[in-house]
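Please work through the following exercises with the sequence and the structure at hand. Each task is followed by a solution in steps.

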Amino acid sequence: PGADKILTSDASGNATWAAAAAGGSMVYLAENVITAEVTSISFNDLFSSTYRNYRFYFNNVLPAATNNDMYMGVRATTGGTLLTTNYLCMARGTTTASGWVSVAVQAYGAAHTRVFNTASATDGINGYVDVMNPFQSGAADFTRMTWMLNGYYVGGSSWGVQYGGSDTQAVTSCAHMQFFAGGTHTGDASIDGYIRAYGIKES
């Protein structure tokens, strides 16, 4: 049948070999490895018109101090201010102690989104963040973000999973993404974490 073929069937049940359908695959774009304490983790000039949707994978990302929160935001220019984000849902989830993590805050006008609250500095945060339509422009365009992250939830003294969603209304395209811990730096030498970025193909 040749390479890169899949077996398909038509309406009459006739089997043939055909090329696999395109679209939906993820393309590796960039990685930030955290081997020491840093003020933030930035992906500059990452978003473009090539992809409409993106995914960031967290592996052992942690704040440098316990009982700290992890945040994210988008910027229109390198090193510029984080664009205003309207929280649609803050960290909601569950813990190994069978308790709920619920911080459903409607905080319009904030310049970042909290994606994990009261994390431990010794247990890394793992999971993913999806970003949809960051490179559009116009007053009615929204960059929407959803996430699912797990780590040690200090506020509940147990392992937890937190998830949520937010959006940013921007009148210009967003090309840059930033992750950081609130009130202190991110990462230390005890755990080498990383965040990897992928673009999602549509064809």
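The exercises below concern a predicted model and proceed from the overall fold to single residues.

**Exercise 1. Overall architecture**

Task: Determine how many helices and strands the protein has, and what share of its residues is buried.

Solution:
- Step 1. The secondary structure comprises zero helices and 14 strands. Read along the sequence, the pattern is therefore β-β-β-β-β-β-β-β-β-β-β-β-β-β.
- Step 2. The protein has 203 residues, and 41% of them count as buried.
- Step 3. The exposed surface amounts to about 9,600 Å², of which carbon and sulfur atoms supply 51%.
- Step 4. Among contacts between residues at least 6 apart in sequence, 74% join residues at least 24 apart.

**Exercise 2. The surroundings of strand β6**

Task: Establish whether the residues of strand β6 (residues 68-75) are buried or exposed, and identify which strands pair with β6.

Solution:
- Step 1. A residue counts as buried when its relative accessible area is under 20%. Eight of the eight residues of β6 are buried, so the strand is largely enclosed by the rest of the structure.
- Step 2. The two faces can be listed separately. Asn 68, Met 70, Met 72 and Val 74 are buried on one side, and Asp 69, Tyr 71, Gly 73 and Arg 75 are buried on the other.
- Step 3. One pairing partner is strand β9 (residues 113-119), which is antiparallel to β6 and joined to it over four bridges. Within this pairing, Tyr 71 has Arg 114 as its bridge partner.
- Step 4. Another partner is strand β13 (residues 176-181), also antiparallel, with six bridges to β6. Here Met 72 stands opposite Phe 179.

**Exercise 3. Salt bridges**

Task: State how many salt bridges are counted, and characterise those formed by Asp 69, Asp 130 and Glu 202.

Solution:
- Step 1. Side chains of opposite charge can pair when their charged atoms come close. The count comes to four salt bridges.
- Step 2. Asp 69 forms a salt bridge with Arg 114, with the closest N and O atoms 3.1 Å apart. Asp 69 belongs to strand β6 and Arg 114 to strand β9, and the two are 45 residues apart. Both residues are buried.
- Step 3. Asp 130 and Arg 55 meet in a salt bridge with an N to O distance of 2.6 Å. Asp 130 lies in strand β10 (residues 125-132) and Arg 55 in strand β5, so this pair ties together parts that are 75 residues apart in sequence. Asp 130 and Arg 55 are both buried.
- Step 4. Arg 52 forms a salt bridge with Glu 202, at 3.0 Å between the closest N and O atoms. Arg 52 is in the loop between β4 (41-43) and β5 (53-61), whereas Glu 202 is in the segment after β14 (193-200), 150 residues apart. Glu 202 counts as partly exposed because its relative accessibility is 47%.

**Exercise 4. Aromatic rings**

Task: Classify the arrangement of the rings of Phe 47 and Phe 56, and find which residues form one aromatic cluster.

Solution:
- Step 1. A pair of aromatic rings is described by the distance of the centres and the angle of the planes. The whole structure contains ten aromatic pairs.
- Step 2. For Phe 47 and Phe 56, the ring centres are 6.2 Å apart and the planes are at 85°, so the pair is edge-to-face. Both Phe 47 and Phe 56 are buried.
- Step 3. One aromatic cluster consists of Phe 43, Phe 47, Tyr 51, Tyr 54, Phe 56, Phe 58 and Phe 179.
- Step 4. Charged side chains also lie over rings. Arg 55 is over the face of Tyr 128, at 3.9 Å from the ring centre, and Arg 196 is over the face of Tyr 194, at 4.0 Å.

**Exercise 5. Positive phi values and a loop contact**

Task: Locate Asp 45 and Asn 60, and determine which residues Thr 78 touches.

Solution:
- Step 1. Asp 45 lies in the loop between β4 and β5. Its phi is near 55°, a positive value in a residue other than glycine. At 57% relative accessibility, Asp 45 counts as exposed.
- Step 2. Asn 60 is in strand β5 and has a positive phi of about 55°, although it is not a glycine. Its relative accessible area of 27% makes Asn 60 partly exposed.
- Step 3. Thr 78 is in the loop between β6 and β7 (86-95). Leaving aside residues up to four places away in sequence, Thr 78 touches Asn 44, Asp 45 and His 176.
- Step 4. The C-alpha atoms of Thr 78 and Ser 42 are separated by 9.2 Å, and these residues are 36 residues apart along the chain.

Key
Residues numbered from 1 in each chain as written. Predicted model: local features only at pLDDT ≥ 70, side-chain atom pairs only at ≥ 80, totals over all residues. Heavy atoms only, no water. Buried < 20%, exposed > 50% of the residue type's maximum accessible area, 1.4 Å probe, protein only. Pairing = 2+ DSSP bridges. Salt bridge = Lys/Arg side-chain N within 4 Å of Asp/Glu carboxyl O. Contact = heavy atoms within 4.5 Å. Areas by Shrake-Rupley, 256 points an atom, 1.4 Å probe, with all protein chains shown as cover. Phe/Tyr/Trp six-rings, centres within 6.5 Å; stacked < 30°, edge-to-face > 60°. Lys NZ or Arg CZ within 6 Å of the ring centre and 35° of its normal.
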